[in-house]
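Me: Please examine one part of this model closely, and set that part in the context of the whole chain.

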Amino acid sequence: MRERFFTWLARAVHTRAGVIFLLLTVLTIVTAALAARLRMDMTWNAMVPEGDPTVETYETVIEHFGAATQIIIALEGDDPDDLIEAAEALVPALEATEYTHPTSGNREPAVKRVVVGYDRAFLADHGLMLIKAKDLRKTRPLFTDYNLVPYLCHTNDILEAEYIYDSANLTTQEKEAVRALDGVSAFVESLGRCAAGRDTTASAIAHAVDMLTVGRGYLLSTDERMLLVSVTPALSLTAPIDQTVLLVNAIEEAVGHVLSKHPGVRSGLTGGHVVSRDEMEAGMADTIRNVTVAFAIILLVFVLSFRMVTGPLLAMLVLLAGISWDMGLAYLVIGRLDIFTAMCGVILMGLGVDFAIHILASYTELRRKGMDAPTALRETYLRTGKGLVTGALTTAAAFLSLLLTSYPVFREIGFVVGFGVISCLLASVAYLPAAVVLTERLADRFRGHREIKPVSMEFAFLGTLTRVTARRPILTVLAGILVTATLGLFVSRVRMNRNYMDMEPAGLESIRLQRDIPRRFNISADNLFTTVESLAEAQQLADLLNQRPAIGLVESITDYLPSPAKQQQRMPLVQAIRDEQSHLPGPAPIEVPALVEELYRLSDNLTEMSSLAFIGGLDRVFAKTNRFLGLDPDGEPVAPSRVQQAIDAIEGHTGVAARMENYQRRFRDRMSARMATMADPRPITLEMIPADVADRFLSDDRSRYLLSVYAKNDLWDGLLTSAFIETVIRDLPGASGMPLLMKAMVRTAASEGKMAFLYAGIAFLLLLLIDFRSLKTTVIAATPLAVSLVWMLGLMGALGFPFSVVNVIGLPLILGIGIDDSVHIIHRYRAEGRRNLPHSMASIGRAILLTTLTTGLGFGSLIPSTYRGYASLGKLVTLGITLCFLVSILLLPALLRLTHRARGDLGTD
């Protein structure tokens, strides 16, 4: 029946070539117009699993808060004062930033909120009510005497009691320790400058008091060379990507304009919106480049192999037509391309060219042997048609089986590639032959009929290689078993890359900052979040999470509005401190030896804290104490110790006592004034909270409270096994955020990928069984593919090349492509017989080698992609199909020789 169909098709194509060409050209034009309307959604947001609880929570947060993720602006420079000045200049500029809506053309606000630090004025009025009751008890001596020697003595007592004699507190209260060190450092530095007579102004002392009581107010890194500005954009991460791109570009332009006036400050942007913009731009650029490069390389190989231009050019144009048919269908059914389906142009170019190669190789071989066009066309269909149909259906089935999975991303790529393979097959067996026939007729009309010079189109070396392997089949099979067993030892080493950022485009500033920020601040650039319905619940969760070692920062309304129960505990303690302010000791004379002794004691305490921090892996405390002491990470002196500088200034200058008494008077007055407002025992109410803070943590209807949680380390590294993620999942039910959405995506991709691989395997085995009508032949056809997969996995394990959420989609590709080689060899073997195996391999092997080469080059064009997910897919598929070719050429002839004594054992075509 298939012979009759192919004979009819050959006659129809030859006699109705013009009609077929015209109809299919019209179809190509129509589908190309539809394909041009495809929406590009090149972000990971488009690929999160449907129905996942984290998605529902995310949508709830967006509904109530508008946005819960921030754009982080990282300012870098050598002078922290320059960074602060630039950060303050950014606030009005960003609040006025607008972008042009891509649909309406209206100017829309780009920024909802800008946060350059915490509200120091609020802390100056209510700060003590925000301190834990136990910490108020421990630090109470600090508020009893502001004379320099007693104040330094109390500071040393607290450092020793809190962090040195009880080192466990240093681990559980690392953030508090860092804040205390910042204040003490500023105090000692101002003390030293005053002793040296360099700075005795009231503003210098006021700065020291501010640092001791409310802090600097900005999120500065430990080395004070980076400052973070948090921007809440007017769009959520679920907004259309074209809007997100315009919004991020507008913010980036505004930042650049401001910083042009601050030459000592550099900037970079990161966060979900920025990464999405960068993904989109890199993905689009890679897609255009990859398709262009793949087309050019495949065409060049085509031309060089066939020693002609017209046929290969027609084949490539027809291939583009088949892809156009598929993309037009994709627009009608799906309407968009995501990061995965955007690769389908390259994928189909690599897959679809195989069909054109087999058609063109067989037709040109027969024509150059002197056969006329109708006969050559019929013989081409009879020789290649069955293999092409079986190969196309097995590949298409491998991808269409993805429609059975529950992951929308897999279903979409299964649809696009599955129907794309069928489209390319139809284009190759109908559109290409019609185009070739018309081209020959035009050539005959304008140049006259010319006899085609016979030329051998076989690769003789493949026939020679087949004679060698088939002559010693047992030795060949044993060698294959040995290689398979050896590489099989490394299969267990194959791993799944769980770092999402390793899939992102290389060299992006947004990705660099994703890793640099945790290293310099001990908080991640991305966060997780949830909402609760009561202040008490928000307080309970914040307290719980702040005790977890994997948590770097918890932000909630309770940072400004503690629960009523917490405030009731603190009120009497704050009242006691307030009362003591009216009974402070009077000015004490400066005893220089006692002052120096306390400074030496402070230096010893800082050295001990540095050692404890190093042992406990507390990077921020270790870096802060070493910076204070002028030490590098190895403990070697690299700068003057601030404490020693203060001691040297006190001991090395005349008139120190008078200057210290002047400093002490101003310091006492300033501290007393600060405590008069800061030690306010009145309960804090919602009405007292700064409006921007309330808007940030309270929903519009004031019914829900937002909690944001940041990891201490890079949360993308080891996403599936992250201690931070596990902590949040356990302690914060209903949490969401891009990291959890990505974890759901990775988990779904891994589990559904296994099912997709199983479905694909079952599908193509069934098709092989239907095609060959022999279980034995089906097993033989599948054996090279199975061996190739073992070799591929073994090499991946040996070379440390992992699977990822992107390249796992290459497995069905390798199944579909890899089985084609065996199918074509066995069909030719059944048609021409056992004795003609070397000749068959020289002929069909040429087409197989060319399809492997063109497909490999097509997928190889992905390897230089800046988008590392694309590059990993290119490497995997190129490796897999190359091994499939080698095993098919080397091992399959030997298997056929061993298992089939005569032609009839395989049946005939």
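Reply: Contact here means heavy atoms within 4.5 Å. The structure is a predicted model, in which local features need pLDDT of at least 70 and side-chain atom pairs count only at pLDDT 80 or more, whereas totals for chains, interfaces and linings use all residues. Residues are numbered from 1 along each chain as its sequence is written, and side-chain values use heavy atoms, with hydrogens and water left out.

The part chosen is Ser401, which lies in the loop between α15 (373-400) and α16 (408-447); helices are DSSP runs of H or I with at least four residues, strands are runs of E with at least two, and both are numbered from the N terminus. Ser401 has a relative accessible area of 5% and is therefore buried, a term that means under 20%, with over 50% called exposed and values in between partly exposed (1.4 Å probe, protein chains only). Once neighbours within four places in sequence are set aside, Ser401 is in contact with Ala756, Tyr759 and Ala760. Gly414 stands 13 residues from Ser401 in sequence, and their C-alpha atoms are 7.0 Å apart.

As for the whole chain, 59% of its 909 residues count as buried. Among contacts with a separation of 6 or more, 82% join residues 24 or more positions apart. The chain contains 32 helices and 12 strands, and its C-alpha atoms fill a box of roughly 115 × 65 × 45 Å along the principal axes.
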